[in-house]
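User: I would like to learn how to read local and long-range features in a structural model, one feature at a time. Could we begin with the backbone and work outwards to the packing?

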Amino acid sequence: MRLEPIADPSLARKLLPPVLAIVGSFLVASLLALIAGGNPFAVFGAIIKGAVGSKFALLETLNRATPLIFTGLAVAVAFRAKLWNIGAEAQLYAGAVVTAVLGTGMLQWPAALLLPTIAVLSMLAGALLLLGPALLKTRLGVDEVVTTLLLNFIFLLFVSYLLEGPLKDPMGMGWPKSPRLIPEARLPRIIDGLRLHWGFVLALIAAIALWVINTRTTLGFEMRAVGQNAEAARFAGMPVTGVILKTALLSGGLAALAGFSEVSGLKGSLTLDISPGYGYTGIVVAMLALLHPLGVVAAALFVAAIFVGADAMSRALDVPSYLADIMLASALLMMVLAILLTKFRVVRD
């Protein structure tokens, strides 16, 4: 048996494998729910109810989806250009650190000026953090998977140092956290009394903007060309190194916005646990979306609904919430296989 490339796959060929991948992940989760002593129908019903069964649940799902949209977009734009950014977690924390530094009173500006300034500088911090691995890749051929992955641990240790030292809140009763942001540095709530903030709207705008860049601009065409075949793009006269560096700046900036939105919109201060792995989960989101910016929004909502619903399900049915992690892990593995089957067919010799 061998794999034979498909020259022009049909729409059904493109859509059917991803759908089957999601269905397969639910079948795996059903089997595990049975092993855990739960009824699969009751488990999935509780997950759906916990994710969208009330106004509070729905808004919490949207809230959880906000950083996932940013990190999913960051991964999608990088992967499309074959820049394997595994460091969205570090870039997220870079944006969070800038937000905590500038938003605690360093700049006494009105909100209309302060919030955009913090957002832009947060993006700059995340962009510069990914620029280093991108330069190592283009200049020295260093594998960016290794450098971006290791930067996650290095930067988290740096954040831990900051929270135990220069950024530690003197009124925090010894807890490693930064002082609270001033009101002018906080993203307002969309609905008073609930936690959903305008970071979600910013994430939707970022997804639309990235879609426009991908489909309507020269940079988007160059990123696709470099991702398809860097040598052919270079032969055609495209500045491959410049395209990769621009992609790195854009990807790092998008991931940093996740940190900005979490600190400014949700938490109000920087802690070491503001992200339960949003940077890594962004890889799952991007792959489920097949690297499409608008698909990232749908995938992030799906993943957020699974996590939020699983928490509620665990409390109601006493089935471990780790079921959500297994569902997403199996969905990612099956999606990788689905992507392979959209481009190749299995032929028996």
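User: Is leucine 290 buried, partly exposed or exposed, and what cut-offs decide this?

Analyst: The classes rest on relative accessible area, with buried meaning under 20%, exposed over 50% and partly exposed in between (1.4 Å probe, protein chains only). Leucine 290 comes out at 37% relative accessibility and therefore counts as partly exposed. This is a predicted model, in which local features need pLDDT of at least 70 and side-chain atom pairs count only at pLDDT 80 or more, while totals for chains, interfaces and linings use all residues. Residues are numbered from 1 along each chain as its sequence is written, and side-chain values use heavy atoms, with hydrogens and water left out.

User: Where does leucine 290 lie, and what is its phi?

Analyst: Helices here are DSSP runs (H or I, at least four residues; strands are E, at least two), numbered from the N terminus. Leucine 290 is found in the loop between helix H11 (278-288) and helix H12 (293-317), and its phi is positive, about 55°, although the residue is not a glycine. Leucine 291 lies in the loop between H11 and H12 as well and has a positive phi near 65°, again in a residue other than glycine. Leucine 291, however, has 17% relative accessibility and so counts as buried.

User: How many residues of H11 are buried, and which helices do they pack against?

Analyst: H11 is mostly covered, with 10 of its 11 residues buried, including Tyr278, Ile283, Val284 and Leu288. Taking contact as heavy atoms within 4.5 Å, the buried residues of H11 pack against H3, helix H4 (88-102), helix H10 (240-267), H12 and helix H13 (323-343).

User: Which residues touch the most other members of the largest nonpolar core?

Analyst: A nonpolar core is a set of buried Ala, Val, Leu, Ile, Met, Phe, Trp, Tyr and Cys residues joined through side-chain atoms within 4.5 Å. The largest one has 102 residues, of which Leu73, Phe79, Phe155, Leu270 and Met313 touch the most other members. Helix H3 (residues 55-80) gives the most to this core, with 13 residues. For leucine 270, leaving aside residues up to four places away in sequence, the residues touched include Ala96, Val97, Val159, Leu163, Pro176 and Val263.

User: How many salt bridges does a search of the whole structure find, and what does the pair of arginine 195 and glutamate 60 tie together?

Analyst: A salt bridge is a side-chain nitrogen of Lys or Arg within 4 Å of a carboxyl oxygen of Asp or Glu, and the search of the whole structure finds 6. In one of them, arginine 195 pairs with glutamate 60, with the closest N and O atoms 2.8 Å apart. Arginine 195 lies in the loop between helix H6 (144-164) and helix H7 (199-216) and glutamate 60 in helix H3, so the pair ties together parts that are 135 residues apart in sequence. Arginine 195 counts as partly exposed at 39% relative accessibility, whereas glutamate 60, at 15%, counts as buried.

Another salt bridge joins arginine 64 to aspartate 311, the closest N and O atoms being 3.6 Å apart. This pair links distant parts of the chain, since arginine 64 is in helix H3 and aspartate 311 in helix H12, 247 residues apart. Arginine 64 is partly exposed, at 25% relative accessible area, and aspartate 311, at 31% relative accessibility, counts as partly exposed too.

User: Which residues does asparagine 63 touch, beyond those up to four places away in sequence?

Analyst: Asparagine 63, which lies in helix H3 and counts as buried at 3% relative accessibility, touches Arg195, Leu196, His197 and Leu266. The C-alpha atoms of asparagine 63 and leucine 196 are separated by 5.4 Å, although these residues are 133 apart along the chain.

User: At what angle do H7 and helix H8 pack, and which residues make the contact?

Analyst: Two packed helices are described by the angle between their axes and the distance between the axes. Axes are lines fitted to C-alpha atoms, for helices over the stretch in contact, and angles run from 0 to 180 degrees between N-to-C directions. H7 and helix H8 (residues 218-228) pack at about 75°, with their axes 5 Å apart. Angles under 35 degrees count as roughly parallel, over 145 as roughly antiparallel, 65 to 115 as roughly perpendicular and the rest as oblique, so H7 is roughly perpendicular to H8. Ile213, Asn214 and Thr215 of H7 meet Leu219, Gly220, Phe221, Met223 and Arg224 of H8.
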